Amino acid sequence: MATPPKPAFVPGKAPVKPAPFKPSATATATATGNKAEISGIYEPTSPVFGRINYVLMLASIGLIFLGFFVMTLDKELYGFGVLGITVGPLISFIGFLLAAASILVKDKNTVV
């Protein structure tokens with residue numbers, strides 16, 4: 001006959017604390033000569049984006065705002081002039097393309 005399992009809580013006795021979690025092994029990762037200790041959690045050795053990525057992203061945000069500002073300068077009815085339909089949207093579109101390019105450009109100093 002099988003014995004029933006012990007209950008997790010027994011009245012009148014102090015509860016048993018579980019042992020703290022410790023990773024079973026410490027691994028060493030090598031990325032272009034830089035060693036980083038990894039103990040259960042990934043710790044990057046360098047930032048993902050470099051300075052050029054942030055500069056391009058700020059420039060793209062500026063171009064997007066400039067494009068929307070140029071669209072407001074149009075004095076035609078409902079913005080149907082040259083500035084509101086062609087120039088402003090073109091500047092904003094270039095800003096969005098530059099934002100995508102700023103994510104894709106790889107900086108020489110970053111290690112990924």
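## A tour from S60 outwards

Start by selecting S60, which lies in helix α1. Keep in mind as you look around that this is a predicted model.

Is S60 buried or exposed? Its relative accessible area is 1%, and because buried means under 20%, S60 counts as buried.

Now show what surrounds this serine. Which residues does S60 touch, once its neighbours within four places in sequence are left aside? Select G95, L98 and A99: S60 is in contact with these three. To see where they belong, colour helix α2, which covers residues 82-104.

Next, colour α1 as well, from 51 to 72, and move along this helix to F69. Here the tour turns to the surface. Select L66, F69, L73, V82, L83 and V87 together, and you will have a nonpolar surface patch of about 500 Å². Helices α1 and α2 each supply at least two residues of this patch. Which element gives the most to the patch? That is α2, with 3 residues.

Finally, zoom out and show the whole protein. You can pick out 2 helices and 2 strands. If you trace the chain from the N terminus, the elements come in the order β-β-α-α.

With everything in view, try colouring by burial: 17% of the 112 residues count as buried, and S60 is one of the buried residues. Then switch on the surface, where the protein exposes about 9500 Å², with 71% of that supplied by carbon and sulfur atoms.

One last thing to display is the contacts. Among those with a separation of 6 or more, 55% join residues 24 or more positions apart.

Notes
Residues are numbered from 1 along each chain as its sequence is written. This is a predicted model: local features need pLDDT of at least 70, side-chain atom pairs count only at pLDDT 80 or more; totals for chains, interfaces and linings use all residues. Side-chain values use heavy atoms; hydrogens and water are left out. Patches are made of residues with over 30% relative accessible area and no salt bridge: like charges are joined within 9 Å, nonpolar side chains (Val, Leu, Ile, Met, Phe, Trp, Tyr) within 5 Å. Accessible areas come from the Shrake-Rupley method with a 1.4 Å probe; for residues, only the protein chains shown count as cover. A salt bridge is a side-chain nitrogen of Lys or Arg within 4 Å of a carboxyl oxygen of Asp or Glu. Helices (H or I, at least four residues) and strands (E, at least two) are DSSP runs, numbered from the N terminus. Buried means under 20% relative accessible area, exposed over 50%, partly exposed in between (1.4 Å probe, protein chains only). Contact means heavy atoms within 4.5 Å.
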